[in-house]
Amino acid sequence: MAPSVVEALAPAVVPQKETHADDDRGAERSEVIEQVQMNNRTVSGQELHIRSYPKFDTLEEERLYRKQHLAAAFRVFADRGFDEGVAGHISVRDPILTDHFSFAIHSEIHKARPNINAACHAHSVHGKAFSVFGRELDMMTQDALRFYKSHGVYNNFGGVVLDREEGVRITKALGDGKAVILRNHGLLTVGESVDEAAFWFISLDKTCHAQLLADAAANGSGYKKIMIDEEEAEVTAKQVGGPDKGWLAFQGYYDEQVAKTNGAFLK
């Protein structure tokens, strides 16, 4: 059996924030959650071969890589029903034309967050169902902790987002986090890579689904939901919420698309 314990480097500091749903413009309280990065070794020093974001000799190579992984993300979303109409979209920053953007929401995010290279938005069933409450997630499962102090709520509905100012307000609600719940609308996630942003979206939709089920069960049974305490939430968020973890978690989905299509979409 392969070793399962991974030793961590000194934490890399990634700014995150907490947004409260009672502010319809996304009032922010900035905090810092340090993300634990892996050094690919067990505690006994044995080397582990864990995939990581590749290094490129040219920007053209990186452009091709980003386009291929963007194509895979669209296919993964379609397989999961995130392709209703033309409402959903995924964007990735061109490593050469870094100031060329698309879509009213995405363009403002890319402008405001130079470290963000990808954004995903769709009207997924569980995401839009949870969005009608205009509230943040409860920290009640390990997977929810990926978004601990790293997601916000845009507590306003402005219709179809075609206006730049609406994009600016949504970007403010996102703050330094990795996700924002758009009330009466859907979900939006961001990442340093399209792989990371896509995985956060998949995870966020599933987390919304889990909370809808738990809330319904609690209301029907009278049992009280038990939340994860702050200390444990803080520690676990450092282990599961970093950019490298999001990128790595998407690679299985990417490999599945390559296997299913025999790599046809890569051409």
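## Close-up views of a predicted model

**View A. Asp 143 and Arg 146 meet in a salt bridge, their closest N and O atoms being 3.4 Å apart.** For a salt bridge, a side-chain nitrogen of Lys or Arg has to lie within 4 Å of a carboxyl oxygen of Asp or Glu. You're looking at a predicted model, where local features need pLDDT of at least 70 and side-chain atom pairs count only at pLDDT 80 or more, while totals for chains, interfaces and linings use all residues. Residues are numbered from 1 along each chain as its sequence is written, and side-chain values use heavy atoms, with hydrogens and water left out. Which of the two partners, Asp 143 or Arg 146, is buried? Arg 146 is, with a relative accessible area of 18%, whereas Asp 143 is partly exposed at 38%. (Buried is under 20% relative accessible area, exposed is over 50%, and partly exposed is in between, using a 1.4 Å probe and protein chains only.)

**View B. Arg 135 and Asp 138 join their side chains in a salt bridge, 2.4 Å from N to O.** Here the acidic partner is the tucked-away one: Asp 138 counts as buried at 14% relative accessibility. Arg 135 is partly exposed, at 28%. Want to hunt for others? The structure holds 14 salt bridges.

**View C. Glu 108 and Lys 111 pair up within helix α2.** (Helices are DSSP runs of H or I with at least four residues, strands are runs of E with at least two, and both are numbered from the N terminus.) The two residues sit 3 residues apart, about one turn of the helix. Their side chains make a salt bridge of 3.6 Å, N to O. Glu 108 is buried, at 8% relative accessibility, but Lys 111 is partly exposed, at 48%. Look a little further and you'll find Arg 164 and Glu 165, which are linked with Glu 108 and Lys 111 in a network of salt bridges.

**View D. Helix α1 runs from residue 59 to residue 79.** How far apart are the end C-alpha atoms of α1? They are 30 Å apart, which agrees with the 30 Å its 21 residues should span at 1.5 Å a residue. (The expected span is 1.5 Å times one less than the number of residues.) Plenty of α1 is hidden from view: its buried residues include Tyr 65, His 69, Leu 70, Val 76 and Phe 77. The cover over them includes strands β3 (89-92) and β4 (118-122), along with helices α5 (194-221) and α7 (243-261). After α1 comes Gly 81, with a positive phi near 80 degrees.

**View E. Helix α7 bends by about 30 degrees at Gln 251.** (That bend is the angle between axes fitted to the seven residues ending there and the seven starting there.) Even with that bend, α7, with its 19 residues, reaches 27 Å from first C-alpha to last, close to the 27 Å expected at 1.5 Å a residue. Gln 251 itself is buried, as are other residues of α7, among them Trp 247, Phe 250, Tyr 253 and Tyr 254. What do the buried residues of α7 pack against? Their partners are α1, α5 and α6 (230-240). Just past the end of α7, Asn 262 takes a positive phi of about 55 degrees.

**View F. Thr 207 lies in helix α5 and is buried, with a relative accessible area of 6%.** Which residues touch Thr 207, once its neighbours within four places in sequence are set aside? They are Leu 137, Asp 143, Ala 144 and Phe 147. (Contact means heavy atoms within 4.5 Å.) You've met Asp 143 already, as the salt-bridge partner of Arg 146.

**View G. Lys 178 sits in the loop between α4 (164-174) and β6 (179-182).** Is Lys 178 buried or exposed? It is buried, with a relative accessible area of 5%. Its C-alpha atom is 7.9 Å from that of Ala 197, a residue 19 places away along the chain.

**View H. Zoomed out, the protein chain has 7 helices and 7 strands.** Follow the sequence and you'll trace the pattern β-β-α-β-α-β-α-β-α-β-β-α-α-α. Of its 267 residues, 46% are buried. Among contacts with a separation of 6 or more, 72% come from residues 24 or more positions apart.
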